[in-house]
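Here is a friendly tour for anyone meeting this protein for the first time. Have a look at the sequence and the model, then read on.

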Amino acid sequence: MLDSVVAELSSVHECYEISAEYEGKNDPKKLEELGNVLTSLDPGDSIVVAKAFSHMLNLANLAEEVQIAHRQRNKKKKGDYTEESSATTESDIEETLKRLVVDLKKSPQEIL
């Protein structure tokens, strides 16, 4: 049983590493390699890999929600919002653009 768990973890790790390499380099060969690994998995290992990636994405989403809630609480403490529920949710790109325009006085043309 331990051997099967190690094999499943190895499959998850291999898929994660290849995915990370593809994302970092945007190399189509890595995407093809990932496809080959995924299609070579037996059904049980495929389910384990899919569940593992699902859990990773859920954890990433949860971390993002915690970060947003933390940011909203900090803004509320600073008096930026009268009520936490009325706080807008800003993405990183929105905050970056706001900082460029407001704080650094960049024009939309300069940002573009």
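Let's start with Tyr-16, which has a relative accessibility of 40% and so counts as partly exposed, since that class runs between the 20% limit for buried and the 50% limit for exposed. Tyr-16 sits in helix 1. Keep in mind that what you are looking at is a predicted model. Which residues does Tyr-16 contact once its neighbours within four places in sequence are left aside? They are Phe-53 and Met-56. Along the chain, Tyr-16 and Val-49 are 33 residues apart, yet their C-alpha atoms are separated by 9.2 Å.

Tyr-16 also helps line the largest pocket, and so do Phe-53 and Met-56. The other lining residues are Ser-19, Ala-20, Glu-23, Leu-57 and Ala-60. Helix 1 (2–25) and helix 3 (43–77) each bring at least two residues to that lining. Sorted by class, the lining holds 6 nonpolar, 1 polar and 1 charged residues. As for the space itself, the volume of this pocket is about 170 Å³.

Now for the bigger picture. The protein has 5 helices and 0 strands, so if you read from the N terminus, the order is simply α-α-α-α-α. There are 112 residues, and 16% of them count as buried. The accessible surface comes to about 8800 Å², with 58% of it belonging to carbon and sulfur atoms. If you take contacts between residues at least 6 apart in sequence, 30% of them join residues at least 24 apart.

What about the inside? The largest nonpolar core has 8 residues in all: Val-12, Cys-15, Ile-18, Leu-34, Val-37, Leu-41, Val-49 and Ala-52. Helix 1, helix 2 (28–40) and helix 3 each supply at least two residues of this core, and helix 1 gives the most, with 3 residues. Val-12 is a handy one to click on. Not counting residues up to four places away in sequence, Val-12 touches Val-48, Val-49, Ala-52, Phe-53 and Met-56. Two of these names, Phe-53 and Met-56, came up with the pocket lining too.

Next, a detail of the backbone. Most residues other than glycine have a negative phi. Asn-26 and Lys-105 go the other way, with a positive phi of about 50° for Asn-26 and one near 55° for Lys-105. Here are the two, with where they lie and how accessible they are:

| Residue | Loop | Relative accessibility |
|---|---|---|
| Asn-26 | between helix 1 and helix 2 | 54%, exposed |
| Lys-105 | between helix 4 (92–103) and helix 5 | 66%, exposed |

Why does Asn-26 count as exposed? Its relative accessibility is 54%, and exposed means over 50%. The 66% of Lys-105 puts that residue over the limit as well.

Finally, hop over to Ile-111, which is found in helix 5 (residues 108–111). Is Ile-111 partly exposed or buried? With a relative accessible area of 28%, Ile-111 is partly exposed, because buried would call for a value under 20%. Leaving aside neighbours within four places in sequence, Ile-111 is in contact with Leu-97, Leu-100, Val-101 and Lys-106. One of these, Val-101, is 10 residues away along the chain, and its C-alpha atom is separated from that of Ile-111 by 8.3 Å.

Technical notes
Residues numbered from 1 in each chain as written. Predicted model: local features only at pLDDT ≥ 70, side-chain atom pairs only at ≥ 80, totals over all residues. Heavy atoms only, no water. Helix = DSSP H or I, 4+ residues; strand = E, 2+ residues; numbered from the N terminus. Buried < 20%, exposed > 50% of the residue type's maximum accessible area, 1.4 Å probe, protein only. Contact = heavy atoms within 4.5 Å. Areas by Shrake-Rupley, 256 points an atom, 1.4 Å probe, with all protein chains shown as cover. 1 Å grid on protein atoms, 1.4 Å probe; cavity = no way out; pocket = protein on both sides within 12 Å on 5 of 7 lines; lining within 4 Å. Points joined across faces, edges and corners; volume = space filled by probe spheres on them. Nonpolar A, V, L, I, M, F, W, Y, C, P; charged D, E, K, R; others polar. Core = buried A, V, L, I, M, F, W, Y, C linked by side-chain atoms within 4.5 Å.
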